[in-house]
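Please work through the exercises below with the sequence and the coordinates open side by side. Each task is followed by a solution that goes step by step.

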Amino acid sequence: MDVTYWTRIASPVGELLLTADATGALTSLSVPGQKGGRSVEAGWQPDPGPFRAAEDQLAAYLAGELKEFALESSTSGTEFRERVWNALDGVPYGATTTYGEIAARIGASRMAVRAVGGAIGANPLLIVRPCHRVIGADGTMTGYAGGVERKVRLLTLEGAVS
């Protein structure tokens, strides 16, 4: 039987909902009002135990003291989404990239930019997998499942925008 553990963590960007699988690997991080975000489901087990490292690292990141997460995670998506998510993991702290640049990194055509945006929007690990570092080609703060205000706040924290 599959087990899903969950906990909520208070943060400067709102309450975070974290889920983990039976091994304790992080499977999602959602924020209130997130487009496509998760909600606690019947049968999930509340348990802060599997999330101690995530809580510590998120607190350090949000305090400006951590630049790269080192958390065990387990997410699943289509092969295309997995390629996009792996590309997101390569965008360094304090930097931004564009949807077109992510498409190029995974070997997709410029026509795939919308599909790249969809894959980024489906990222189940907000903050930890830095989809907030993807901006419009013209530098605009385009879409973010967690809300553009949070995106700007995270990029400001990282020094990518002022």
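The exercises concern a predicted model, and they go from the whole chain to single elements and residues.

**Exercise 1. Describe the overall fold and dimensions of the protein.**

Solution. Begin with the secondary structure: the protein has five helices and six strands, and in sequence order these elements follow the pattern β-β-β-β-α-α-β-α-α-β-α. Next, consider the dimensions, where the C-alpha atoms fill a box of roughly 45 × 35 × 25 Å along the principal axes. A compact globule of 162 residues would have a radius of gyration near 15 Å, and the protein has 15 Å, so the value agrees with that expectation. Then turn to the surface and the interior: about 8,300 Å² is exposed, with carbon and sulfur atoms supplying 50% of that area, while 44% of the 162 residues count as buried. Finally, look at how the chain contacts itself: of the contacts between residues at least 6 apart in sequence, 55% join residues at least 24 apart.

**Exercise 2. Determine how helix H2 packs against helix H4, and which residues make the contact.**

Solution. The first step is the geometry: H2 (residues 79–89) and H4 (residues 113–121) pack at an angle of about 75 degrees, and their axes are 9 Å apart. Because angles from 65 to 115 degrees count as roughly perpendicular, H2 is roughly perpendicular to H4. The second step is to list the participants: H2 contributes Phe 80, Arg 81, Val 84, Trp 85 and Leu 88, whereas H4 contributes Ala 115, Val 116, Gly 118, Ala 119 and Ile 120. The third step is to sort these residues by character, which gives eight nonpolar, one polar and one charged.

**Exercise 3. Compare the surroundings of Thr 7 and Ile 9 in strand S1.**

Solution. Start with the location: Thr 7 is found in S1 (residues 5–9), and Ile 9 has its place in S1 as well. Now apply the cut-off for burial, which is under 20% relative accessible area: Thr 7, with 11%, is therefore buried, and Ile 9, with 8%, is buried too. The next step is to inspect the neighbours, leaving aside residues up to four places away in sequence. On that basis Thr 7 touches Leu 16, Leu 17, Leu 18, Asp 47, Pro 48 and Phe 51, while Ile 9 touches Gly 14, Glu 15, Leu 16, Leu 18 and Glu 55. To finish, relate Ile 9 to a residue of another part of the chain: Leu 58 is 49 residues away along the chain, and the two C-alpha atoms are separated by 9.4 Å.

**Exercise 4. Identify the buried residues of helix H1, what covers them, and what follows the helix.**

Solution. Within H1 (residues 52–62), the buried residues are Ala 54, Gln 57, Leu 58, Ala 60, Tyr 61 and Leu 62. Their cover includes strand S2 (16–20), strand S3 and helix H5 (148–157). Moving past the helix, one reaches Gly 64, which follows H1 and has a positive phi near 80 degrees.

**Exercise 5. Contrast Gly 33 with Val 40 in the loop between S3 and S4.**

Solution. Place both residues before comparing them: Gly 33 is in the loop between S3 (26–30) and S4 (45–46), and Val 40 is in the loop between S3 and S4. The relevant cut-off is over 50% for exposed residues, so Gly 33, at 80% relative accessibility, counts as exposed. Val 40, in turn, has a relative accessible area of 32% and is partly exposed. As a last step, examine the contacts of Val 40, which touches Trp 6, Arg 8 and Leu 17 when residues up to four places away in sequence are not counted; its C-alpha atom is separated by 9.6 Å from that of Tyr 5, 35 residues apart along the chain.

**Exercise 6. Is Ile 127 buried or exposed, and what is its phi?**

Solution. First locate Ile 127 in the loop between H4 and strand S6 (134–135). Its relative accessible area is 2%, so Ile 127 is buried. Then read the backbone: Ile 127 has a positive phi of about 70 degrees, although it is not a glycine.

Key:
Residues are numbered from 1 along each chain as its sequence is written. This is a predicted model: local features need pLDDT of at least 70, side-chain atom pairs count only at pLDDT 80 or more; totals for chains, interfaces and linings use all residues. Side-chain values use heavy atoms; hydrogens and water are left out. Axes are lines fitted to C-alpha atoms, for helices over the stretch in contact, and angles run from 0 to 180 degrees between N-to-C directions. Helices (H or I, at least four residues) and strands (E, at least two) are DSSP runs, numbered from the N terminus. Angles under 35 degrees count as roughly parallel, over 145 as roughly antiparallel, 65 to 115 as roughly perpendicular and the rest as oblique. Contact means heavy atoms within 4.5 Å. Ala, Val, Leu, Ile, Met, Phe, Trp, Tyr, Cys and Pro count as nonpolar, Asp, Glu, Lys and Arg as charged, and the others, Gly among them, as polar. The radius of gyration is taken over C-alpha atoms; the globule rule is 2.2 Å times the number of residues to the power 0.38. Buried means under 20% relative accessible area, exposed over 50%, partly exposed in between (1.4 Å probe, protein chains only). Accessible areas come from the Shrake-Rupley method with a 1.4 Å probe; for residues, only the protein chains shown count as cover.
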